[in-house]
Amino acid sequence: MMQIYLIKQIQVVNEGLIRTADVLIRDGRIDKIADSIEVPADLAVTEIDGEGRYLLPGVIDDQVHFREPGLTHKATIGTEAKAAVAGGVTSFMEMPNTIPPAFTLELLEQKYAIAQQNSLANYSFYIGTSNENADETLRANEFRDQICGIKIFMGSSTGNLLVDNPLTLEKVFSESQLLIATHCEDERIIRQNLAAAQASGRELTAADHPVIRNEEACFESSFYAIQLAKKYDTRLHILHISTEKELQLFSNMLPLRDKRITTEVCVHHLHFTSDDYAELGNRIKCNPAIKAPHNKAALWEALLDDRLDVIATDHAPHTWAEKEEPYLKAHAGLPLVQHSLALMLYYHQQGRISLEKIAEKMSHAVAECFQIRERGYIREGYFADLVIVDLNQPQTISKENILYKCGWSPLEGQEMPASVTHTFVNGHLVYGNGVWDESQQGQRLLFN
């Protein structure tokens, strides 16, 4: 029997408005939203005082790497989903670059089985593509209501995940009925830049990363993906846009639901710049690279004017030892899923972004982009994936409160002005004022 919750007099942030309301949660769903809700005396209800706090739709992160199977020394679906929930992320979509890569429907279902047993958050998994497995990838068309999309690494990646065969790309783009999500960096340009950097004879450091994986590499690959998508009218979603130059490829002329080509920006590209390599080094080495400051400024502008559609993390944990290797050997990626909402609330406090826009870019727009069923909004009848935040409860990110299995964050030592106090997943209060109830797992996301 699911508990019934009544959140009293909270500031509800939803669909461009903030209003004071009561919210009743029952049978896993949002039962009622009203100025005031009275419940029968014989109904066992847990009441939560929302006064002075804000209710947001749970964050949906469309790009995470939870490392299971095969890389569980870095992370597991269970550990990272718990970290996500602590940070207000109630649903995630996870990438196929595990060991083995999720190149078949059978391997994909094995990941769903792990999540069903171990994930406190709701989940979906992308099927992966290689130069050899286009036919198997396209079998996912039959299950397009159960799989978030096809992931294509149109640029450097590990193992056999790089897809650079034009025939494979044409086949997948022309026949996919699912959204195609792409990592866009041009491998040829990266190799040329690396060779030029190594020719200098000096030891390379993380500060060389945005020179090697430069704006041109991103632009050329994104441009190619868009050409393919336009040729076949494919539903394309370009991940982690990191450059000012790429922004000329995107428009805000259509409402999101009518766009065939959509974009994602990640919190680290909105927060860090190349100036931060001096202090953080390999800790902020990621692909695509964190680049010069003018890119960050342009990304913020494009996010706020809707050329960039959603905010995500590209959460990619590695062990401390893997990040402490010399630059060329150090693994690329940063752990962020516990702190993405906190970071956006930090920018809200700075006056950079409104709460309404945070809810739009981290929840509503992700639900629209992927056509997720009955999630992403605070609406009667929708699943109660909800987050309560206290804008007057600061927190300092430290080893003691980081839940990632890797145990570190590039944001360590930073004070955030706000905290997540409660996270509901499917109407179940998983996390409330530091207390966990792990008796229920999340659910598989479904798509229209």
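Okay, let's start with one residue, Phe 272. Setting aside residues up to four places away in sequence, Phe 272 touches Leu 280, Ile 284, Ile 290, Lys 296, Leu 334, Pro 410 and Leu 411. Before I go on, a quick reminder that what you see above is a predicted model.

So where is Phe 272 in the chain? You'll find Phe 272 in the loop between helix H8 (267–271) and helix H9 (277–280). Is Phe 272 buried or exposed? Its relative accessibility is 6%, and buried means under 20%, so Phe 272 counts as buried. If you want a distance to try on screen, take Phe 272 and Phe 125: they are 147 residues apart in sequence, and 28 Å apart in space, C-alpha to C-alpha.

Now step back a little along the chain to His 269, which sits in helix H8. His 269 is buried too, with a relative accessible area of 3%. Which residues is His 269 in contact with, leaving aside neighbours within four places in sequence? The list is His 240, Ile 241, Ser 242, Cys 286, Pro 288, Ala 289, Ile 290, Lys 296 and Leu 299. You've already heard two of those names, since Ile 290 and Lys 296 are also among the residues that Phe 272 touches.

Let's follow one of those contacts, His 240. It's in the loop between E12 and E13, and at 2% relative accessibility His 240 counts as buried. His 240 also has a positive phi of about 30°, although it is not a glycine. Why point that out? Most residues other than glycine have a negative phi.

There's another one like that further on. Asn 426 has a phi near 55°, again a positive value in a residue other than glycine. Asn 426 is in the loop between strand E18 (419–425) and strand E19 (428–432), and it is buried, with a relative accessible area of 5%.

While we're on the backbone, how about peptide bonds? Most peptide bonds are trans. Here, though, the bond from Glu 68 to Pro 69 is cis, with omega near 10°. Pro 69 lies in the loop between E6 and helix H1 (77–86). Ile 99 and Pro 100 are joined by a cis peptide bond as well, with omega about 0°. Pro 100 is in the loop between E7 and helix H2 (105–118).

Those two loops bring us to the strands E6 and E7. Strand E6 covers residues 59–64, and six of its six residues are buried. E6 pairs with strand E7 (residues 89–94) in the parallel sense, over four bridges. One pair to look for is Val 59, whose bridge partner in E7 is Val 89.

Next, a sheet. It's an open one with six strands, in the order E9-E10-E11-E12-E13-E14, and the pairing is parallel. Which strands are at the edges? Strand E9 (127–128) and strand E14 (310–312), each of which pairs on one side only. Further in, three bridges join strand E12 (residues 236–238) to strand E13 (residues 261–266). For example, the bridge partner of His 237 in E13 is Thr 262.

Two helices pack on this sheet. Helix H4 (residues 166–175) touches strand E10 (150–154), strand E11 (180–184) and E12, and its direction makes about 150° with that of E10. Helix H7 (residues 215–232) touches E10, E11, E12 and E13, and its direction makes about 155° with that of E11.

H4 and H7 meet each other as well. Their axes come within 9 Å and cross at roughly 45°, which makes H4 oblique to H7. The crossing is right-handed. On the H4 side, the contact is made by Pro 166, Leu 169, Glu 170, Phe 173 and Ser 174. By class, the residues of this contact divide into eight nonpolar, one polar and two charged.

Last stop, helix H12 (residues 340–349). Eight of its 10 residues are buried, so H12 is largely enclosed by the rest of the structure. H12 packs against helix H13 (residues 355–370) at an angle of about 150°, with the axes 10 Å apart. The two are therefore roughly antiparallel to each other. From H12, Ser 340, Leu 341, Met 344, Leu 345 and His 348 meet Leu 355, Ile 358 and Met 362 in H13. That contact has six nonpolar, two polar and no charged residues. And just to finish the helix off, H12 is followed by Gly 351, whose phi is positive, near 85°.

Technical notes. Residues numbered from 1 in each chain as written. Predicted model: local features only at pLDDT ≥ 70, side-chain atom pairs only at ≥ 80, totals over all residues. Heavy atoms only, no water. Pairing = 2+ DSSP bridges. Contact = heavy atoms within 4.5 Å. Axes fitted to C-alpha atoms, helices over the stretch in contact; angles between N-to-C directions. Buried < 20%, exposed > 50% of the residue type's maximum accessible area, 1.4 Å probe, protein only. Parallel < 35°, antiparallel > 145°, perpendicular 65-115°, else oblique. Nonpolar A, V, L, I, M, F, W, Y, C, P; charged D, E, K, R; others polar. Left-handed = near helix turned anticlockwise from the far one by under 90°.
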